[in-house]
Amino acid sequence: MPDVLRPDICVIGAGSGGLSVAAAAAAFGVPVVLVEQARMGGDCLNFGCVPSKALIAAGKRAKWVTDGARFGVHAAPPTIDFAAVHAHVHGVIAAIAPTDSVARFTGLGVRVVKGRARFTDADTVVVEGVAEIKARRVVLATGSAPAIPPIPGLAETPYLTNETVFDLTELPKRLVVIGGGAIGLELGQAFGRLGSEVIVIEAATPLGRDDPECANVVLEALRKEGIAIRGGQAVTAIRPPEAAGGEIAVLVKTEQSEETVTGTHLLIAVGRKPNVDDLGLDKAGVAYESSGVVVDKSLRTTNRRVYAIGDAAGGRQFTHVANYHAGLVIRNALFRLPVRAEDRAIPAVTFTDPELAQVGLTEAEARRQGVKINVLRWPYHENDRAQTERQTHGHIKVIASQRGRILGATIVGAHAGELIAMWALAIKQNLTVRSFAELTVAYPTFAEIGKRAAVTVYTRSLTNPFVRRIIGVLRRLG
């Protein structure tokens with residue numbers, strides 16, 4: 001007989017956002033039930049952020065060995081033990097897993113229920129054979145899954161996604177990646193540095209959502225490493241190895257003709273789709289679309305007792321967005337405080353090398369909105385710390401209003417993902433360029449790049465006749 005549970009909050013999905021809601025609610029002494037049908041920690045821990053960054057870290061170490069000669073450090077070309085790389089990746093997952101485990105959350109006071117959750121009506125969630133849950137509030141934190149394009153022949157062909165690629169124990173000899181966004185390029189570069197030949201195919205523009213000037217810096221860097229990036233080329237069909245001479249054949253349409261690209265392995269990285277099917281949302285009166293659950297600015301669905309957060313709510317699919325949403329839901333559901341989800345200060349980072357980080361408006365977005373802006377820049381090669389590290393490739397672009405308010409920033413270069421944080425804070429707090437120009441940062445650090453960009457706002461005043469006259473008068477006064 002299934003248990004009948006009546007918590008204040010039922011969270012469906014134990015990914016980053018769901019865990020944050022459950023932990024915070026339990027910390028306030030609120031009865032919480034957390035339902036998860038698969039692995040605790042969700043996509044981020046098991047298939048996404050954590051394993052991908054662990055693989056990227058392995059690729060970086062291989063690159064450091066080959067780059068050592070520039071520092072007078074000579075070494076033989078690295079030997080890649082890919083089984084050990086696999087063990088490293090899964091060792092990182094195992095090290096973090098206890099933080100997201102059933103045991104920990106049970107200890108926090110959360111009732112964890114394993115199984116698939118479905119609504120049976122507007123007020124009831126059922127985990128078949130396990131529990132019937134009648135909660136005052138329900139939070140949908142079901143995450144997303146890899147989007148699989150309807151390419152002829154794909155279903156008959158073995159392929160990888162971010163949910164299976166980290167199971168490989170042998171290095172792909174020739175990896176074909178379909179998708180030139182962040183996931184495809186991050187993984188493509190990592191495998192390339194570890195010894196795979198990599199071809200990335202993108203139907204539109206690679207990194208097409210990013211500032212094109214800064215995106216091109218990344219793309220050129222990857223091409224110099226030997227990654228073949230084919231933009232504006234659509235995949236028309238795929239043939240499995242048994243039908244293509246032992247390798248996977250990918251038919252690509254170019255401007256002039258059709259070509260065939262072959263590989264030993266195929267990675268699908270064309271984006272992700274929210275997990276909204278088979279939840280009984282119709283029975284709960286929760287509206288949803290292919291892009292995710294329909295929510296208002298407070299993350300409530302069309303059923304006012306149900307929230308949706310993170311990837312399930314559509315929009316920007318980042319772990320830190322899910323955590324941000326979790327905080328808003330806690331404030332609204334527990335304390336009845338008004339909240340409003342907005343993404344103007346949410347950073348996005350592509351963890352290639354060089355990294356590409358952006359927050360707020362890009363230059364193109366600001367101009368489309370008709371905003372009068374100043375674009376402030378500073379190159380990495382003018383930074384002393386970048387010179388010492390031989391990481392001089394990249395620059396910062398800061399978008400400011402005519403009055404100096406910071407509207408956006410894009411950084412391409414070493415540590416861009418870390419450096420973007422202070423610009424996110426600036427946008428959140430409506431700071432001006434003057435705040436950065438007057439900031440004292442440690443020398444020598446990469447943080448000086450942002451300060452130097454901010455100082456350029458005063459460049460025009462150096463030759464301003466009025467300013468010159470004032471200085472002249474003051475000089476005569478002694």
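**Exercise 1. Determine where leucine 299 is found, whether it is buried or exposed, and what phi it has.**

Step 1. Leucine 299 is found in the loop between strand S19 (292–293) and strand S20 (306–308). Helices (H or I, at least four residues) and strands (E, at least two) are DSSP runs, numbered from the N terminus.

Step 2. The relative accessibility of leucine 299 is 3%, so this residue counts as buried. Buried means under 20% relative accessible area, exposed over 50%, and partly exposed in between (1.4 Å probe, protein chains only).

Step 3. Although leucine 299 is not a glycine, its phi is positive, about 75°.

The model is predicted: local features need pLDDT of at least 70, side-chain atom pairs count only at pLDDT 80 or more, and totals for chains, interfaces and linings use all residues. Residues are numbered from 1 along each chain as its sequence is written, and side-chain values use heavy atoms, with hydrogens and water left out.

**Exercise 2. Describe the backbone at aspartate 278, proline 354 and proline 444.**

Step 1. Aspartate 278 is placed in the loop between strand S17 (272–274) and helix H8 (281–284). Its phi is near 60°, a positive value in a residue other than glycine.

Step 2. Proline 354 belongs to the loop between strand S21 (348–350) and strand S22 (355–360). The peptide bond that joins aspartate 353 to proline 354 is cis, with omega about 10°.

Step 3. Proline 444 is in the loop between H13 and H14. A cis peptide bond, with omega about -5°, joins tyrosine 443 to proline 444.

**Exercise 3. Establish how strand S24 (residues 395–401) is enclosed and which strands pair with it.**

Step 1. Of the 7 residues of S24, 7 are buried, so the strand is largely enclosed by the rest of the structure. His395, Lys397, Ile399 and Ser401 point one way, Ile396, Val398 and Ala400 the other way, and all are buried.

Step 2. Strand S23 (residues 373–379) runs antiparallel to S24 and is joined to it by 7 bridges; two strands pair if DSSP finds at least two bridges between them. In this pairing, isoleucine 373 stands opposite serine 401.

Step 3. S24 is also joined to strand S25 (residues 406–413), antiparallel, by 6 bridges. Here alanine 400 stands opposite isoleucine 406.

Step 4. The hairpin of S24 and S25 has 4 residues between the strands, and glycine 404 takes a positive phi near 100° in it.

**Exercise 4. Contrast the surroundings of leucine 419 with those of threonine 440.**

Step 1. Leucine 419 lies in helix H12 (residues 416–428) and is buried, at a relative accessible area of 14%.

Step 2. Not counting residues up to four places away in sequence, leucine 419 touches Tyr380, Ile411, Ala414, Phe446 and Ala447; contact means heavy atoms within 4.5 Å.

Step 3. Threonine 440 lies in the loop between helix H13 (433–437) and helix H14 (448–455). Its relative accessibility is 71%, so threonine 440 counts as exposed.

**Exercise 5. Assess the overall dimensions of the chain.**

Step 1. For 478 residues, a compact globule would have a radius of gyration near 23 Å; the chain has 25 Å, which agrees. The radius is taken over C-alpha atoms, and the globule rule is 2.2 Å times the number of residues to the power 0.38.

Step 2. The C-alpha trace spans about 95 × 65 × 45 Å along its principal axes.

Step 3. The chain has 15 helices and 25 strands, and buried residues make up 48% of its 478 residues.
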